[in-house]
Amino acid sequence: MDVVFAGSNMDALNQLLADEFTFKGPFDEFDSPKSYIQSLQSDPPQGFEYEMIRSFETESCACLVYQFSKPGVSVPMAQIFEISNGKISKILLIFDTRSFT
């Protein structure tokens, strides 16, 4: 979260993401760490903030629930991170898109 919301040095994600990484969200889907990182580099998050509401974890999974904010938009979001061999193998991002359209 800190790397993504800082909007800089997205290459740091290479250390965190598994080779078999996938991302699925309401607007985008990626099937490799490279495509996910390239997307963040081409359109880096700017003016975004988040405040953690809750977090939960198991041995192979973590769930973050947070309030996402940017000018004109504030919406709760949840992300589920699946972990394999110490790296993030899957991210599922969930939120109501009505505030963005």
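Strand β4 (residues 61-70) runs antiparallel to β3, and 8 bridges join the two. Keep in mind that this is a predicted model. Here's a quick look at the sheet, the helix that sits on it and the aromatic rings.

**The sheet**
- Going across, the open sheet reads β2-β1-β6-β5-β4-β3, so to speak a row of 6 strands with mixed pairing.
- At the edges you'll find β2 (29-30) and β3 (49-57), each of which pairs on one side only.
- Within the β3 and β4 pairing, Arg54 stands opposite Val65 in β4.
- Helix α2 packs on this sheet and touches β1, β2 and β6 (87-94).
- The direction of α2 makes about 60 degrees with that of β1.

**Aromatic pairs**
- There are 10 aromatic pairs in the structure.
- Take Phe23 and Phe30 as one of them: the ring centres are 5.8 Å apart and the planes sit at 45 degrees, so this pair counts as tilted.
- Phe23 and Phe30 are both buried.
- Phe23 also pairs with Tyr36, with centres 5.1 Å apart and planes at 25 degrees; that angle is under the 30 degrees cut-off, so this pair is stacked.
- The Phe23 and Tyr36 pair links distant parts of the chain, 13 residues apart: Phe23 belongs to strand β1 (residues 17-24) and Tyr36 to helix α2 (residues 33-42).
- Like Phe23, Tyr36 is buried.

**Aromatic cluster**
- Phe27, Phe48, Phe68, Phe95 and Phe100 come together in one aromatic cluster.

Technical notes: Residues are numbered from 1 along each chain as its sequence is written. This is a predicted model: local features need pLDDT of at least 70, side-chain atom pairs count only at pLDDT 80 or more; totals for chains, interfaces and linings use all residues. Side-chain values use heavy atoms; hydrogens and water are left out. Rings of Phe, Tyr and Trp (its six-membered ring) pair if their centres lie within 6.5 Å; planes under 30 degrees apart count as stacked, over 60 as edge-to-face and the rest as tilted. Buried means under 20% relative accessible area, exposed over 50%, partly exposed in between (1.4 Å probe, protein chains only). Helices (H or I, at least four residues) and strands (E, at least two) are DSSP runs, numbered from the N terminus. Two strands pair if DSSP finds at least two bridges between them. Contact means heavy atoms within 4.5 Å. Axes are lines fitted to C-alpha atoms, for helices over the stretch in contact, and angles run from 0 to 180 degrees between N-to-C directions.
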